[in-house]
Amino acid sequence: QVQLVESGGGLVQAGGSLRLSCTASGHTFSSIGMAWFRQAPGKEREFVASINDSGGSTFYARSAKGRFTISRDTVKNTVYLQMNDLKPEDSAVYYCAAARLRSGIPFASALEYADWGQGTKVTVYA
């Protein structure tokens, strides 16, 4: 399996931007779907964005649509989440995940992902 390490989180004022990175070790990253999930205090983990194995298809949660962009760099074995116009409700620990199976579908369900990073904390203040 792959090991995932997230980075890029931090403290940011509402309206600002952050770019999260997820670097994977292992040979499967370049050809497997990836996703970002987040979990805020007192809430369940929720889907944010996903990208398929080739990087040609993406899917976003309603809360992220229009503000967040997921992308990947297969050479660097890294997936990114560009977050713009951040809001306090975006505050959470963000987790990177790798899909269980190779697929052209950018899955949104956590059940489709087998490997998870340790998370990077994002705090947005008003």
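In this predicted model, the link between cysteine 22 and cysteine 96 is left-handed, with -80 degrees about the S-S bond. The two residues form a disulfide in which the sulfur atoms lie 2.1 Å apart, and the count for the structure comes to one disulfide. A disulfide is a covalent bond between the sulfur atoms of two cysteines. The pair links distant parts of the chain, since cysteine 22 belongs to strand S3 (residues 18-25) and cysteine 96 to strand S9 (residues 92-99), with the two positions 74 residues apart in the numbering. Cysteine 22 is buried, as is cysteine 96.

The largest nonpolar core has 34 residues, and those with the most contacts inside this core are Met34, Trp36, Leu81, Met83 and Tyr94. At least two residues of the core are supplied by each of S3, strand S4 (34-39), strand S5 (46-51), strand S7 (68-73), strand S8 (78-83), S9 and strand S11 (120-125). The largest share, six residues, comes from S9, the strand that also holds cysteine 96 of the disulfide.

Strand S11 is joined both to S9 and to strand S2 (residues 10-13). S9 and S11 run antiparallel and are joined by three bridges, and valine 93 stands opposite lysine 121 in S11. By contrast, S2 and S11 run parallel and are joined by four bridges; valine 12 has valine 124 of S11 as its bridge partner.

The side chains along S11 alternate, with Thr120, Val122 and Val124 pointing to one face, where they are buried, whereas Lys121, Thr123 and Tyr125 point to the other face and are not buried. In a regular strand the side chains alternate between the two faces of the sheet. Both bridge partners named above in S11 can be placed in this pattern: Val124, the partner of valine 12, is on the buried face, while Lys121, opposite valine 93, is on the other.

Outside the strands, serine 103 is found in the loop between S9 and strand S10 (113-116). Serine 103 is classed as buried because its relative accessible area is 16%, which falls under the 20% cut-off. When residues up to four places away in sequence are not counted, serine 103 touches Asn52 and Asp53.

How values were computed:
Residues numbered from 1 in each chain as written. Predicted model: local features only at pLDDT ≥ 70, side-chain atom pairs only at ≥ 80, totals over all residues. Heavy atoms only, no water. Disulfide = S-S within 2.5 Å. Buried < 20%, exposed > 50% of the residue type's maximum accessible area, 1.4 Å probe, protein only. Contact = heavy atoms within 4.5 Å. Core = buried A, V, L, I, M, F, W, Y, C linked by side-chain atoms within 4.5 Å. Pairing = 2+ DSSP bridges.
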